[in-house]
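Student: I would like a close look at one part of this model, namely the contacts made by its side chains, with the surroundings brought in where they help.

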Amino acid sequence: MGRKIFVSYKFADSNVQILDSKCDTTVRDYVTKFEEVLDVSDNIYKGESEGEDLSKLTDDTIWDKLKDRIYDSTVTVIFISPGMVEKGVKERDQWIPWEVSYSLKEQSRKNKNGDLITSKTNAMLAVVLPDYEGDYSYYLEKRDCCREKCVTHHTNILFPIIRENMFNLKNAQKKECQAAATIWYGPCSYIAVVKWNNFINTYDKYVREACDRQKRLEDYKLQKNVSNEMCL
């Protein structure tokens with residue numbers, strides 16, 4: 001069954017590893033790479049395409065276009081990059097949180113026949129892009145926790161609406177240990193995270209897993225609203 005995939009990302013963030021020898025690499029180049037490998041026989045890309053110029057449109061017009069695409073999508077993929085969050089600006093004044101919120105909410109619209117059609121909460125996942133040194137530790141850091149190996153997710157660098165939909169499985173297996181650290185075991189986030197180098201060649205695996213989580217929405221505590229919080 002085909003999936004309609006929307007990608008939420010910071011277009012001009014250049015704090016990422018050079019891709020395909022392109023010195024002025026931005027997150028947009030990673031989105032283009034994903035478009036290139038996407039199996040169009042079974043998936044439809046719903047985001048803006050390379051070369052599509054929205055700069056001359058008003059914010060309201062751009063948002064209407066984005067809402068149309070998200071409403072008609074079934075999966076939202078968030079690209080995490082070092083500069084995705086504009087610090088010192090409220091969450092509600094940036095694009096990505098609204099795209100995530102609209103993806104999580106059930107939206108009702110009338111079709112051509114006047115019938116009210118309600119969309120479902122999208123399946124969600126996040127892809128961590130490598131920084132300019134090819135490193136992922138700005139978000140995913142290998143550490144020793146509670147006398148065992150672990151990976152710390154630096155969710156503090158994310159928008160609140162994204163981090164609040166991670167580690168939100170209601171009956172997750174976890175334990176507390178020294179320094180108020182919490183160890184989570186197994187899949188425990190509605191917006192699960194994968195590294196770019198694992199995602200790009202086997203993306204369908206991660207999309208399927210996101211769709212499986214979507215079938216169990218009641219198992220997660222979802223936050224669907226954008227906050228008035230300042231991004232630090």
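Which residue forms a salt bridge with E35, and how far apart are the closest N and O atoms?

Tutor: Please keep in mind throughout that this is a predicted model. The partner of E35 is R28, and the closest N and O atoms of this salt bridge are 2.5 Å apart. The two ends of the contact are placed differently with respect to solvent: E35 is partly exposed because its relative accessibility is 22%, a value between the 20% and 50% limits, whereas R28, with a relative accessible area of 2%, is buried.

This contact belongs to a set of 10 salt bridges in the structure. One of them is formed by the side chains of D204 and R3, with 3.1 Å from N to O. Because D204 lies in helix α6 and R3 in strand β1 (residues 3-8), the pair ties together parts that are 201 residues apart in sequence. In this bridge, too, the acidic residue is partly exposed, D204 having a relative accessible area of 23%, while R3 is buried at 15%. Another salt bridge joins R163 to E229, whose closest N and O atoms are 3.0 Å apart. R163 lies in helix α4 (residues 160-163) and E229 in the segment after α6, so this pair ties together parts that are 66 residues apart in sequence. Here both partners are partly exposed, R163 with a relative accessible area of 24% and E229 at 34% relative accessibility. Salt bridges that share partners also join R3, D204 and R208 into one network.

From the charged contacts we can turn to the aromatic ones, of which the structure holds 11 pairs. The rings of F34 and F79 have their centres 6.4 Å apart and their planes at 50 degrees, so the pair counts as tilted. This pair links distant parts of the chain, since F34 is in helix α1 (residues 27-37) and F79 in strand β3 (residues 75-80), 45 residues apart. F34 is buried, at 0% relative accessibility, and F79 is likewise buried at 0%. A second tilted pair is formed by W196 and F199, with 6.5 Å from centre to centre and 45 degrees between the planes. W196 and F199 are three residues apart in helix α5 (residues 196-199), so about one helical turn separates them. W196 is buried, with a relative accessible area of 7%, and F199 is buried at 0%. The four rings just described belong to one aromatic cluster, which is made up of Y30, F34, F79, W196, F199, Y203 and Y206.

The largest pocket completes the picture, with about 1,000 Å³ of space and a lining of 37 residues, of which L140, V151, H153, F167 and C188 lie nearest its centre. Helix α6 (203-214) supplies at least two residues of this lining, as does each of the strands β7 (140-145), β8 (148-153), β10 (182-185) and β11 (192-195). By class, the lining has 21 nonpolar, eight polar and eight charged residues. C188 counts as buried, at 7% relative accessibility, and so does C231, at 5%; the structure holds zero disulfides.

How values were computed: Residues are numbered from 1 along each chain as its sequence is written. This is a predicted model: local features need pLDDT of at least 70, side-chain atom pairs count only at pLDDT 80 or more; totals for chains, interfaces and linings use all residues. Side-chain values use heavy atoms; hydrogens and water are left out. On a 1 Å grid over the protein atoms alone, a cavity is a set of points where a 1.4 Å probe fits but cannot get out, and a pocket is an open set with protein on both sides within 12 Å along at least five of seven lines; lining residues have an atom within 4 Å of a point. Grid points are joined across faces, edges and corners, and a volume is the space filled by probe spheres set on the points. Helices (H or I, at least four residues) and strands (E, at least two) are DSSP runs, numbered from the N terminus. Ala, Val, Leu, Ile, Met, Phe, Trp, Tyr, Cys and Pro count as nonpolar, Asp, Glu, Lys and Arg as charged, and the others, Gly among them, as polar. A disulfide is a pair of cysteine sulfur atoms within 2.5 Å. Buried means under 20% relative accessible area, exposed over 50%, partly exposed in between (1.4 Å probe, protein chains only). A salt bridge is a side-chain nitrogen of Lys or Arg within 4 Å of a carboxyl oxygen of Asp or Glu. Rings of Phe, Tyr and Trp (its six-membered ring) pair if their centres lie within 6.5 Å; planes under 30 degrees apart count as stacked, over 60 as edge-to-face and the rest as tilted.
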